[in-house]
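Ready for a few exercises on reading a protein model? Have a go at each task yourself before you look at the solution.

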Amino acid sequence: RLQESEMGEGMVISLIRDGYWNWLESFCLDSYKKTSDPVYMFWRAFAQYNLGNASGAINDLLSIQQKK
């Protein structure tokens with residue numbers, strides 16, 4: 001059986017491959033709320049950038065940096 005993190009990683013890869021930026025942003029935000037894994041914030045920032053929201057992407061990346 002796949003672990004939740006492996007399922008999440010597979011979902012992120014699929015959404016990126018297919019260019020579903022809105023879905024990726026939503027999935028990563030929900031996953032981050034559940035797991036607090038900063039990798040989801042990185043991919044959310046990537047989705048925001050691809051949606052044309054560079055300032056939102058920068059804010060997400062800065063939040064990761066501040067939690068180090």
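**Exercise 1. Place Leu-61 in the fold and describe its surroundings.**

Step 1: Leu-61 sits in helix H4; helices here are DSSP runs of H or I with at least four residues, strands are runs of E with at least two, and both are numbered from the N terminus. Before going on, note that this is a predicted model, where local features need pLDDT of at least 70 and side-chain atom pairs count only at pLDDT 80 or more, while totals for chains, interfaces and linings use all residues. Residues are numbered from 1 along each chain as its sequence is written, and side-chain values use heavy atoms, with hydrogens and water left out.

Step 2: Check the accessibility. Leu-61 has 37% relative accessibility, so it counts as partly exposed (buried is under 20% relative accessible area, exposed is over 50%, partly exposed is in between, using a 1.4 Å probe and protein chains only).

Step 3: Look for partners. Skipping residues up to four places away in sequence, Leu-61 touches Phe-42 and Ala-45 (contact means heavy atoms within 4.5 Å).

Step 4: Try a longer hop. Phe-27 is 34 residues from Leu-61 along the chain, and their C-alpha atoms are 17 Å apart.

**Exercise 2. Work out which residues of H4 are buried and what they pack against.**

Step 1: Start with the helix itself. H4 covers residues 54-66, 13 in total, and spans 18 Å from first to last C-alpha, close to the expected 18 Å (1.5 Å times one less than the number of residues).

Step 2: Pick out the buried ones: Gly-56, Ala-57 and Asp-60. Viewed down the axis of H4, the buried residues fall within an arc of 105°, so they line one face (the arc is taken from the directions from the helix axis to the C-beta atoms).

Step 3: Recall a handy rule. An α-helix has 3.6 residues a turn, so residues three or four places apart point the same way.

Step 4: Find the neighbour. The buried residues of H4 pack against helix H3 (38-50), while the face turned away from the buried side carries the exposed Gln-65 and Gln-66.

**Exercise 3. Say where Ser-31 lies, and whether it is buried or exposed.**

Step 1: Ser-31 belongs to helix H2.

Step 2: With a relative accessible area of 10%, Ser-31 is buried.

Step 3: Leaving out neighbours within four places in sequence, Ser-31 is in contact with Ser-36 and Tyr-40.
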